[in-house]
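Okay, thanks everyone, I'll keep this short. Let me put the structure up, and then we'll go from the whole chain down to one residue.

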Amino acid sequence: MRINQCKIVDFPRIVDKRGNLIFIENNIHVPFSIQRVYYICDVPHESLRGGHAHKELQQMIIAVSGSFDILLDDGVNKEMVTLNRSCIGLYVCSMIWREISNFSSGSVCLVLASLPYDEQDYFRNYSDFLEAQQLIIRDQ
Ligand code: T46
């Protein structure tokens, strides 16, 4: 899996004088069935989240409030993405190392995930991730 398979997705937005309503439907606005939803909040500005990759998990990451930066790394290429609008999401495919930083005050990071939580799905060691990614690339 490569960074170019990750992408920014625009969600439908219904705007009227009462405010904005944004909606997200399974398999339409996210390219998978949502099995889990979690959110990260009250993150101190200097904190780093992530620092791992997932073997199978796909995610849609949304800054529903505030902003933060996500560094994506497929073992060959790296790309920094800033999320700062609640009507867009970043689709992250499996086998992408990510580091999330620069959380603004009051930011909320909402994640829609394709699988239930499973610690066995994580690469928490960068060398192990690189080794697995190189095997995948070699076998392609
Ligand atoms: C990502 C960012 C945005 C659970 O028990 N259930 C869960 O569903 C999750 C996601 C985590 N946990 C436990 C496992 C750890 O003991 O919560 C602790 C912290 O989890 P993690 O290291 O995954 O947290 P983050 O914020 O570093 O990363 C998470 C996602 O795993 C990651 O893929 O992109 O949120």
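Let's begin with charge. The protein chain carries 13 positive and 17 negative charges, and the mean positions of the two sets lie 6 Å apart. Keep in mind that this is a predicted model, so that separation is computed from predicted side-chain positions.

Staying with the surface for a second: the accessible area of the protein chain is about 8,000 Å², and carbon and sulfur atoms account for 48% of that. As for the inside, 39% of the 140 residues are buried.

Now the fold. What does the protein chain look like if you read along the sequence? You get β-β-β-β-β-β-β-β-β-β-β-β-α, that is, twelve strands and one helix. The radius of gyration is 15 Å, close to the 14 Å from the globule rule for 140 residues, so the chain is as compact as a globular protein of that length. If you're setting up a box in your head, the C-alpha trace spans about 55 × 35 × 25 Å along its principal axes. And for the contact-map people: take the contacts with a separation of 6 or more, and 77% of them join residues 24 or more positions apart.

Next, one sheet in particular. Five strands form an open sheet with antiparallel pairing, in the order β8-β7-β10-β5-β12. Which strands stand at the edges? Those are β8, residues 78–83, and β12, residues 122–123; each has a single partner strand, so one side of each has no neighbour in the sheet. Further in, β5 (residues 49–54) and β10 (residues 97–101) pair in the antiparallel sense over three bridges. If you want a spot to click on there, G50 stands opposite E99 in β10.

Last stop, the helix. Helix α1 covers residues 126–139, and F129 is in it. Is F129 buried or exposed? It's buried, with a relative accessible area of 0%. So what is F129 in contact with, once we leave aside its neighbours within four places in sequence? The list is A53, D73, D74, G75, M95, I96, W97 and F123. Some of those tie back to the sheet: A53 is a contact of F129 and falls within β5, residues 49–54, while W97, another contact, falls within β10, residues 97–101. Then there's M95: 34 residues from F129 along the chain, yet their C-alpha atoms are separated by 7.8 Å.

That's my tour, happy to rotate the view for anyone.

Methods: Residues are numbered from 1 along each chain as its sequence is written. This is a predicted model: local features need pLDDT of at least 70, side-chain atom pairs count only at pLDDT 80 or more; totals for chains, interfaces and linings use all residues. Side-chain values use heavy atoms; hydrogens and water are left out. Helices (H or I, at least four residues) and strands (E, at least two) are DSSP runs, numbered from the N terminus. The radius of gyration is taken over C-alpha atoms; the globule rule is 2.2 Å times the number of residues to the power 0.38. Buried means under 20% relative accessible area, exposed over 50%, partly exposed in between (1.4 Å probe, protein chains only). Contact means heavy atoms within 4.5 Å. Accessible areas come from the Shrake-Rupley method with a 1.4 Å probe; for residues, only the protein chains shown count as cover. Lys and Arg count as positive and Asp and Glu as negative; His and the chain ends are not counted. The place of a charge is taken as NZ of Lys, CZ of Arg, CG of Asp or CD of Glu. Two strands pair if DSSP finds at least two bridges between them.
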